[in-house]
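Me: I would like to go through this model step by step, taking a few local features in turn.

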Amino acid sequence: MQESGYVPLKIADPALLFTQLGRQPLPGMTIHEMADLMADLGEPRFRARQLFQWVYQKGVKDFDAMTNLPARLRQELARTTLLRLLEKDTEQHDKRTGTTKYLFRLADGSQVESVLMRQSWGNSVCITTQVGCRMGCTFCASTVGGLVRNLTAGEIVDQIVMMQRELPEGERVSTVVLMGSGEPLENYDHVVKAIRLMHDPEGLNIGYRHITISTSGIVPGMRRLAEEGLPITLALSLHAPNNELRRQLMPVARIWPIEEVLAAAREYAERTGRRVTYEYILIDGVNDGPAEARELAGLLKGTLAHVNLIPLNPVAERPQYRRPRPERINRFKQILESSGIATTVRREMGGEIDAACGQLRNRAQRRHMGR
Ligand code: SF4
């Protein structure tokens with residue numbers, strides 16, 4: 001991340017990886033792309049719908065399970081395409097919160113983390129959009145090794161399919177947050193394609209209103225997303241109520257001042273009619289005092305806003321940052337609420353399981369390197 005100006009991410013299209021493997025990945029294909037594939041194979045177009053359902057809705061791992069496809073087509077698909085793009089590497093489960101964190105391995109050996117949260121109202125997942133991250137937020141473990149690459153739309157959606165497979169028969173994933181490792185708006189095209197795919201009623205059938213995309217504040221990406229016509233929730237990671245503090249915590253804030261980021265968020269709310277969520281990580285003695293709460297309230301008063309306070313999950317990579325005491329968290333919340341701002345405190349989802357994004361992957365890599 002440069003200090004003077006934003007340089008859009010330029011790395012090779014991750015889809016090239018699969019071209020090199022010589023097989024076409026099925027996850028990531030739209031139903032129209034599957035229809036073209038069927039036409040190339042001399043099959044009728046209705047087969048595309050059947051294949052689409054096997055890939056996304058039923059999430060099978062084996063072509064032989066596709067019982068309504070002729071055997072010769074299953075064999076041809078097995079020879080020329082890839083059915084799943086992720087392999088489960090490890091998982092950590094927290095019985096207290098019903099949260100499971102997965103570490104998945106990709107075709108090039110990279111690893112990504114995803115989280116499944118089973119709640120009384122449904123199953124939600126938090127998924128990753130990049131391997132690593134280049135944004136450099138000072139409290140975050142995901143950015144420690146920098147950015148490795150973008151994920152493809154297929155690798156993004158396959159995280160949901162893989163976790164849905166872990167649920168008991170008859171249960172499904174109903175809510176998705178793109179809040180794992182990476183900055184989703186730096187991988188715009190693949191992320192938007194993945195969102196359309198996860199929404200498709202023939203596939204995972206996740207309502208747009210149950211999808212949240214979280215950004216550190218890439219202003220051009222936020223404006224572009226507002227024009228996309230997707231009624232999804234935008235979550236803006238604010239983490240500080242002024243430029244000075246925000247720049248200390250988030251290098252991206254050196255490019256776009258808080259006024260510009262908030263203006264883009266308000267535009268998003270006006271354009272889509274969707275309330276914007278402002279994410280605010282509470283770090284003890286850094287940004288969690290009453291003065292910061294009042295300053296934040298002043299910024300958001302009168303806007304279509306919801307503040308989600310996230311008490312820091314301490315990470316081994318950032319020992320200087322600690323979680324505030326409950327009294328400080330409650331005081332911060334009260335100040336916002338007394339200004340009429342809807343405020344929630346994110347329920348702790350398993351500090352016992354390296355729940356802050358990036359920790360499980362970093363630990364696996366340290367193990368790999370014998371550290
Ligand atoms: S908090 Fe998000 S945007 Fe910031 S470094 Fe971590 S993964 Fe990247």
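Me: Which residues are around the ligand?

Reply: The model is a predicted one, and a residue is placed around the ligand here if one of its heavy atoms lies within 4 Å of it. By that criterion, the residues around the ligand are C133, M135, G136, C137, C140, S142, T143 and G182.

Me: How many nonpolar, polar and charged residues has the shell around the ligand, by class?

Reply: Cysteine and methionine count as nonpolar, whereas glycine is placed among the polar residues. Sorted in this way, the shell around the ligand has four nonpolar residues, four polar residues and no charged residues.

Me: What span does helix α6 reach from its first C-alpha to its last?

Reply: Helix α6 runs over residues 188-199 and has 12 residues, for which 16 Å is expected at 1.5 Å a residue. The model comes close to that expectation, with a reach from first to last C-alpha of 17 Å.

Me: Which residues of α6 are buried, and what covers them?

Reply: In α6, the buried residues are Y188, H190, V191, V192, A194, I195, L197 and M198. What covers the buried residues of α6 includes the strands β6 (122-127), β9 (173-178) and β10 (211-215), together with the helices α3 (46-57), α5 (153-165) and α7 (219-226).

Me: Is H239 buried or exposed?

Reply: H239 lies in the loop between β11 (233-237) and α8 (243-249), and its phi is near 65 degrees, a positive value in a residue other than glycine. Because buried means under 20% relative accessible area, the 5% computed for H239 makes this residue buried.

Definitions and conventions
Residues are numbered from 1 along each chain as its sequence is written. This is a predicted model: local features need pLDDT of at least 70, side-chain atom pairs count only at pLDDT 80 or more; totals for chains, interfaces and linings use all residues. Side-chain values use heavy atoms; hydrogens and water are left out. Helices (H or I, at least four residues) and strands (E, at least two) are DSSP runs, numbered from the N terminus. The expected span of a helix is 1.5 Å times one less than its number of residues. Buried means under 20% relative accessible area, exposed over 50%, partly exposed in between (1.4 Å probe, protein chains only). Contact means heavy atoms within 4.5 Å.
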